[in-house]
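Hi,

Here's the model we talked about, with the sequence alongside. Have a look at it first, and then read my notes underneath.

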Amino acid sequence: MLARLATERRRLKSLQSVARKVEVKRELLPGYTDYVAGALAGGRGAQDDVLMTLMIWRIDTGDHVGALDIARYALRHGLTLPDQYERSTAAAIAEEFAEAALATLRDGSTFDGGLLAEVAQLTLSTDMHDQIRAKLYKARGLAYAPAAALAGDTPPAAALGDTGFALESLRRALQLDAHVGVKQHIARLEKALVDATGNQDDRT
């Protein structure tokens with residue numbers, strides 16, 4: 001499998017287009033499904049560069065649930081990434097998930113905040129640069145925040161259920177990195193909560 005992966009990595013390296021690389025990874029990944037399932041079910045925590053590379057590929061191609069399956073196993077057994085990734089496993093998982101979420105949210109789509117919450121919990125006790133953890137908390141906060149509130153509107157109180165958690169995440173991001181870019185989001189969520197509370201008070 002290492003030899004096969006090396007061949008396919010050379011193919012990817014020959015491509016200049018990032019979008020095309022993602023397409024090729026998406027084509028290749030089904031051929032490793034049985035290998036991943038076997039490794040996760042029967043593995044004893046031995047270092048596995050193939051499995052770790054496939055985790056990153058799954059994030060790259062949008063298979064975040066599948067990537068998290070590998071991430072849980074990797075963090076539980078202390079697996080490391082191949083040398084070319086130049087980051088700790090925890091830092092890579094946190095940053096890759098955060099960047100994938102932020103890119104998805106920028107495009108106007110939604111991202112499962114529960115995945116980010118689990119990544120944050122899995123990596124909570126690990127050491128990494130504050131900027132990476134801040135990016136993860138930013139992504140988690142934006143994933144849980146009501147879109148209308150982020151746009152400056154006032155959603156109904158019933159739609160604000162996760163706003164407190166979103167604010168907590170964004171404030172934590174700001175504590176870790178003053179330049180993470182969440183101040184405006186925090187202000188809008190705070191305003192939405194105040195407006196919703198005021199509207200409720202007016203009805204009583």
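Thr89 lies in helix 6, which covers residues 89-106. Bear in mind for this and everything below that the model is predicted. With a relative accessible area of 8%, Thr89 falls under the 20% cut-off, so it counts as buried. Leaving aside residues up to four places away in sequence, Thr89 touches Met52, Ala74, Leu75, Leu79, Thr80 and Leu81.

On to the charged side chains. Side chains of opposite charge can pair when their charged atoms come close. The count here comes to 14 salt bridges, and I'll go through a few.

One of them is between Arg87 and Glu96, whose closest N and O atoms are 2.7 Å apart. How do the two partners differ in exposure? Arg87 is partly exposed, at 26% relative accessibility, while Glu96 is buried, at 14%. Buried means under 20%, so Glu96 makes the cut and Arg87, at 26%, does not.

Another salt bridge joins the side chains of Lys135 and Glu99, at 2.9 Å from N to O. Which parts of the chain does that pair link? Distant ones: Lys135 sits in helix 8 (residues 130-144) and Glu99 in helix 6, with their positions 36 residues apart in sequence. Glu99 is partly exposed, with a relative accessible area of 36%. These pairs also belong together, since salt bridges with shared partners join Arg87, Glu95, Glu96, Glu99 and Lys135 into one network. If you're colouring by feature, that might be a nice group to pick out.

Then there's Arg58 with Asp63, where the side chains meet in a salt bridge at 3.8 Å, N to O. That fits the rule because the limit is 4 Å. Arg58 is buried, at 12% relative accessibility, whereas Asp63 is partly exposed, at 32%.

Last, a glycine. Gly114 is found in helix 7, residues 113-122. Is Gly114 buried or partly exposed? At 33% relative accessibility it counts as partly exposed, because that value lies between the 20% and 50% limits. Gly114 and Arg140 are 26 residues apart in sequence, and their C-alpha atoms are 8.3 Å apart in space.

That's what I have for now. Shout if anything is unclear.

Cheers

Terms used: Residues are numbered from 1 along each chain as its sequence is written. This is a predicted model: local features need pLDDT of at least 70, side-chain atom pairs count only at pLDDT 80 or more; totals for chains, interfaces and linings use all residues. Side-chain values use heavy atoms; hydrogens and water are left out. Helices (H or I, at least four residues) and strands (E, at least two) are DSSP runs, numbered from the N terminus. Buried means under 20% relative accessible area, exposed over 50%, partly exposed in between (1.4 Å probe, protein chains only). Contact means heavy atoms within 4.5 Å.
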